[in-house]
Amino acid sequence: MNIKAFLFRNKSLLVEAQRRAKVKYQKEFVLSYINHDKSYIGSQSWNYKADLIRKSLSYTSKPLDILDFGCGTLRYFEALTDFNSFKGIDISESMIAYA
């Protein structure tokens with residue numbers, strides 16, 4: 001099933017997810033998320049996950065076009081190296097605004 005067919009068949013799920021995101025991801029929540037990122041990025045846990053991302057990308061022979069579903073505030077974007085293009089998608093307009 002291609003992505004267009006999936007989205008069409010699951011439109012009600014997407015509408016509900018967007019409604020929930022608007023409730024949860026208000027400006028105050030997003031700002032607290034970003035503040036958490038400031039202390040999290042560079043931590044041992046972040047470095048471990050960033051290394052996993054880098055290792056996964058190292059198996060490719062050429063730069064990739066990356067599509068990140070649920071990108072949030074681009075917490076792991078700095079871990080990406082040697083890529084051709086990057087697109088981030090998130091259901092929360094507030095997260096994208098601060099990305």
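Rings of Phe, Tyr and Trp, the six-membered ring in the case of Trp, are taken to pair if their centres lie within 6.5 Å. By this rule the count comes to 5 aromatic pairs in this structure, which is a predicted model.

**Aromatic pairs**

W46 and Y76 form a stacked pair, with 6.1 Å from centre to centre and 5° between the planes. W46 belongs to helix α4 (residues 44–58), whereas Y76 sits in the loop between β1 (64–69) and β2 (83–89), so this pair ties together parts that are 30 residues apart in sequence. W46 is buried, because its relative accessible area of 5% is under the 20% cut-off. Y76 has a relative accessibility of 22% and counts as partly exposed.

An edge-to-face pair is made by F83 and F86, whose ring centres are 6.4 Å apart and whose planes stand at 65°. F83 is partly exposed, with 27% relative accessible area. Ring pairs also bring F77 into the picture: F77, F83 and F86 are linked into a cluster.

**Overall architecture**

The secondary structure of the protein consists of 5 helices and 2 strands. Read from the N terminus, the order of the elements is α-α-α-α-β-β-α. The C-alpha atoms fill a box of roughly 40 × 35 × 20 Å along the principal axes.

The protein has 99 residues, and 18% of them count as buried. Among the contacts with a separation of 6 or more, 49% are between residues 24 or more positions apart. The exposed surface of the protein is about 7500 Å², and carbon and sulfur atoms supply 57% of this area.

**Charges and salt bridges**

The protein carries 15 positive and 10 negative side chains. The centres of these two sets lie 6 Å apart. The count of salt bridges comes to 4; the table gives three of them, including the distance between N and O atoms.

| Salt bridge | N to O distance |
|---|---|
| R19 and E16 | 2.7 Å |
| E16 and R20 | 3.1 Å |
| D51 and R54 | 3.0 Å |

E16 takes part in a salt bridge with R19 and in another with R20. E16, R19 and R20 are thus linked in a network of salt bridges. Within helix α2 (residues 11–24), R19 and E16 are 3 residues apart, so about one helical turn separates them. E16 and R20 also both lie in helix α2, at a spacing of 4 residues, about one turn of the helix.

The members of this network can be described by their accessibility. E16 is partly exposed, with a relative accessible area of 30%, and R19 is partly exposed at 45%. R20 has a relative accessibility of 54% and counts as exposed, because the cut-off for that class is over 50%.

The salt bridge of D51 and R54 lies in helix α4, where the two residues are 3 positions apart, about one turn of the helix. D51 counts as partly exposed at 44% relative accessibility, and R54 counts as partly exposed at 29%. Helix α4 also holds W46, the partner of Y76 in the aromatic pair that ties this helix to the loop between β1 and β2.

How values were computed: Residues are numbered from 1 along each chain as its sequence is written. This is a predicted model: local features need pLDDT of at least 70, side-chain atom pairs count only at pLDDT 80 or more; totals for chains, interfaces and linings use all residues. Side-chain values use heavy atoms; hydrogens and water are left out. Rings of Phe, Tyr and Trp (its six-membered ring) pair if their centres lie within 6.5 Å; planes under 30 degrees apart count as stacked, over 60 as edge-to-face and the rest as tilted. Buried means under 20% relative accessible area, exposed over 50%, partly exposed in between (1.4 Å probe, protein chains only). Contact means heavy atoms within 4.5 Å. Accessible areas come from the Shrake-Rupley method with a 1.4 Å probe; for residues, only the protein chains shown count as cover. Lys and Arg count as positive and Asp and Glu as negative; His and the chain ends are not counted. The place of a charge is taken as NZ of Lys, CZ of Arg, CG of Asp or CD of Glu. A salt bridge is a side-chain nitrogen of Lys or Arg within 4 Å of a carboxyl oxygen of Asp or Glu.
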